[in-house]
Every structure is written in structure tokens, then in C-alpha cells.
Amino acid sequence: MARGYLHQCSDLEGIDEKALSGALTAYVGFDCTAASLHVGSLVPIMMLRWLQKTGGKPIALMGGGTTRVGDPSGKDESRKILTLETIEANKAGIKRVFTKFLSFGAGATDALMPDNAEWLATLNYIDFLRDVGRHFSVNRMLAMDSVKMRLEREHELSFIEFNYMCLQAYDFVELHKRYGCLLQMGGSDQWGNIITGIDLGRRMGTAQLFALTSPLLTTASGAKMGKTAAGAVWLDAEMLSIYDYWQYWRNCEDADVGRFLKLFTELPLDEIERLAALRDAEINEAKKILATEATAMVHGREAAELAAETARQTFEEGALAESLPSIAIARQELASGLGVLAAFVKVGLVASTSEARRQVKGGGLKVNDASVNDERATLTEQDLVEGVIKLSLGKKKHMLLKPEP
């Protein structure tokens, strides 16, 4: 509670009792809709990590089955139906993320990672309707936020999506039967679905099940966690460089530092209180600690410290750090002259040449630390410094162009 993970709970005393007895197994479900998870999934991941560190048994449930249906929660339109091959590839990427946070094995507190396709894909539809579906009230299902909001906005809700909460509820019952799972955790938008699982368990004769949700996080300015103008903040280094991941945390708003340190690091609370109390220029030191600790959690301590050192060299010394994110181009492009605006689009620092023009007018673009003043300028081999060309947007976003033969 002191770290800010708790939003709603069905029975806090009951959960405490199970935790103290050493019999608390809890799960969070993760649908396989992308090749990795992003920062928006970090709170439930950290909840599973803390559960394991305090003697509980975590289950990271892969949604190989439910991904085929699509969770309507928080969506105004149907999710794209993915092929089974894509779902399996996405699941493999998500598994790699969890190896950084949880310890898996056959021990009492070792984490498990089942896939709900194991039981959902083999269900007989008629039997499911008779044995499970009869316990659901359509009246209550229509009152769920995930359904009600879609209907109120007159956005289509497919029959397959309407069934999603039935499958999620059944997951809870099945996990209790297979692993003795008593608690489902998730974001606050999942409260209705989790409570439906508890109710289904009661009707199907399970032990008392429990629900616990965390707040859906936004930044101090109201932006959604895990999203930036450049796209999602992925937890996979192949989808977002470690340096850019470190920078995401370094660039957080002052008002978010204390809260993020509590949620996304394991620093002692008294140390976090000291860091959160820093003001003015000193708060930047707290941001660097947040960035390094959060990055170390996902990518390892050595990689996090390298990212921190890269940033220090880039900003404090003006050095051309080799570990800055880079993109390869054909040397022929420089030989014939690469338009400076096109170059910034190519490396992803701006979305379009029109945006690049606006940045030039505002003095926001630099090549090798020199401001770009002519939008018609071109980059050639004459601009190479130590074999690369450094492109910068503002003071904190940098990319290297590396020509290849």
C-alpha cells in the first residue's frame, strides 16, 4: 500500500490472512497482442515480483486463448484478429520480458507461466454454455463498463468480444482448480471482469477467491503511461534501445519522480522520500537514479549504467558517445547527398519533413551539435565525424547515422 499499488480490493483482511499463512497464489493475465510488453504493463508485473519476494507464488498467465477473442476493455473498436502464428511469436517475446522480473521453477514460490489456450482451445461450446454459461447474467454483463461504454457511444461490440469476460472469469476458476490460485490482480479497468470471476467461482463451488486492482497510471500532466510522441515505450531492447528507455525515465515530470520511484524501483522507502523531496536542479539527480534503477530492472545493471554514462558524456561533455542509438544507411546516400530534413525523418526523430521544417525554424534540429539553419541542406561524407553523423532533436534526443559500404 505504501508504494501505491492498491486501488481496489475485494477483501484485504482475507488476502492478508492467506499471505501470512504462506498460501497465497495470485495471477495476472497478459494477452499476446504485441511482440513485447510496454511500460504500461509494468505495474502488474511489479505486483507479481513483489508477491514472489514476500513469499507468495506468482502466475503470469499468457492469453494464447483470450487473444483470439480480444478484450474490449478501454477500446472503442474491435481489436484486430491475429493469426495463431502471430500470437505464438508475441507470446515468446512476452516470456523474455518476464525472465527479467520473476524466478521460474518447481519450487513453492517459483513463478508459473501457463497459457489459457491449454483449456480454452479445447472447450466444447455446448458443454461450456451448459456448465459455465448458465452462471452468467446478461443483465450484469451489459452493466460492465467495458460493454456499457461501447454501447453508449454506439460503437459496435461483436459477439465474440461480449464473450471475453466469460472466458476471463473461467480462467480464474481453472487456475484455482489447477494451481490453487486465490487472487487475481490487474489494472482498475479489469475490476468488473475479476469480480465476475469471483462470482463464477462461488457458483461453481471453488474456495473463496479474491480481487485486487492497481490504479491506471497517467503522468502528472495526464498523459497515458507507456506512450510517447514517438510510440510505445517497449520493454524489449530490440524494439526500443536501452538508451532511449533510460531517457524515458530521465525525462519524466518532476511531480512524478517520487511516485515512479515507489512503483518501478526497489529502493527503500526512506531513500525514495529523500529523493522525492529534492527541488529545482537537484531533482535531476533523482531522475537519473530513477532512470538507472528502472532500466536495470529490465535490462540489467551493466546496461543501465552504460546508458547513464552515455547520457552524461553526451550532455555534460558534448562527446559523441558510441552507444547512442544508431541507424545504418547506404554510403551511396551520402555520396549523392541526403537531404537534412529527410535524414531526421529517416532516423525517427521527427514524423515528417513538415515537422522537421517547423523544428528548423525553432532551432530544434542539430547536426553534429551544430544547429540546422537551412532546410535545403544536404548531408554528405564531409559531415562524418568518427565515421558517423550525429542528429539531435532538442537537448535530449539523439541518433547516429552510420554509413555502410
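A residue counts as buried when its relative accessible area is under 20%. Keep that cut-off in mind as you look through these views of a predicted model.

**Figure 1. The whole protein, with its 18 helices and 14 strands.**
By the cut-off just given, buried residues make up 48% of the 405 residues in this protein. The C-alpha atoms fill a box of roughly 75 × 45 × 40 Å, taken along the principal axes. Now think about which parts of the chain touch. Counting contacts with a separation of 6 or more, 73% are between residues 24 or more positions apart. The next views zoom in on two sheets and a group of helices.

**Figure 2. An open sheet of five strands, in the order β1-β5-β4-β2-β3.**
Try tracing this sheet from one side to the other. The pairing here is mixed. As a reminder, strands of a sheet pair through backbone hydrogen bonds, either parallel or antiparallel. Which strands lie at the edges? They are β1 and β3 (57–63), and each of them pairs on one side only. Strand β1 (residues 8–9) is joined to β5 by two bridges, and these two strands run antiparallel. You can find Q8 standing opposite T213 of β5.

**Figure 3. Strand β5 (residues 210–214) and its parallel neighbour β4 (residues 183–187).**
Five bridges join these two strands. To follow the pairing residue by residue, look for M185, whose bridge partner in β5 is L212. Then find G187, which stands opposite S214 in β5. Is β5 enclosed or open? Five of its five residues are buried, so β5 is largely enclosed by the rest of the structure. In a regular strand the side chains alternate between the two faces of the sheet. You can see two such sets in β5: F210, L212 and S214 point one way, while A211 and T213 point the other way, and all are buried.

**Figure 4. Strand β4 beside strand β2 (residues 25–31), paired in the parallel sense.**
Two bridges hold this pairing of β2 and β4. At one of them, A26 has L183 of β4 as its bridge partner. Y27 stands opposite Q184, also in β4. Like the strand in the previous view, β4 has five of its five residues buried, so β4 is largely enclosed by the rest of the structure.

**Figure 5. Helix α9 (residues 164–179) lying across four strands.**
The strands that α9 lies across are β2, β3, β4 and β5. How is this helix angled to β2? Helix α9 runs at about 145 degrees to that strand.

**Figure 6. Helix α12 (residues 257–264) meeting helix α13 (residues 269–276).**
Here the view moves on to helices packing against helices. The axes of α12 and α13 come within 9 Å and cross at roughly 160 degrees. An angle over 145 degrees counts as roughly antiparallel, and α12 and α13 are therefore roughly antiparallel to each other. Their crossing is right-handed. On the α12 side of the contact, look for G258, L261 and K262; they meet L269, I272, E273, L275 and A276 of α13. Sorted by class, this contact has five nonpolar, one polar and two charged residues.

**Figure 7. Helix α12 again, now with helix α14 (residues 283–299).**
How far apart are the axes of α12 and α14? They are 10 Å apart, and the helices pack at an angle of about 20 degrees. Angles under 35 degrees count as roughly parallel, and α12 and α14 are therefore roughly parallel to each other. The crossing of this pair is left-handed. From α12, the residues V257, F260, L261 and F264 meet I283, A286, K287, L290, A294 and M297 of α14. By class, this contact has nine nonpolar, no polar and one charged residues.

**Figure 8. Another open sheet, in the order β8-β14-β13-β10-β11.**
Five strands form this sheet, and their pairing is mixed. At its edges are β8 (326–330) and β11 (370–371), each pairing on one side only. Strand β8 runs parallel to β14 (residues 397–404), and five bridges join the two. To find your place in this view, look for I327, which stands opposite L401 in β14.

Technical notes: Residues numbered from 1 in each chain as written. Predicted model: local features only at pLDDT ≥ 70, side-chain atom pairs only at ≥ 80, totals over all residues. Heavy atoms only, no water. Axes fitted to C-alpha atoms, helices over the stretch in contact; angles between N-to-C directions. Parallel < 35°, antiparallel > 145°, perpendicular 65-115°, else oblique. Left-handed = near helix turned anticlockwise from the far one by under 90°. Contact = heavy atoms within 4.5 Å. Nonpolar A, V, L, I, M, F, W, Y, C, P; charged D, E, K, R; others polar. Pairing = 2+ DSSP bridges. Buried < 20%, exposed > 50% of the residue type's maximum accessible area, 1.4 Å probe, protein only.
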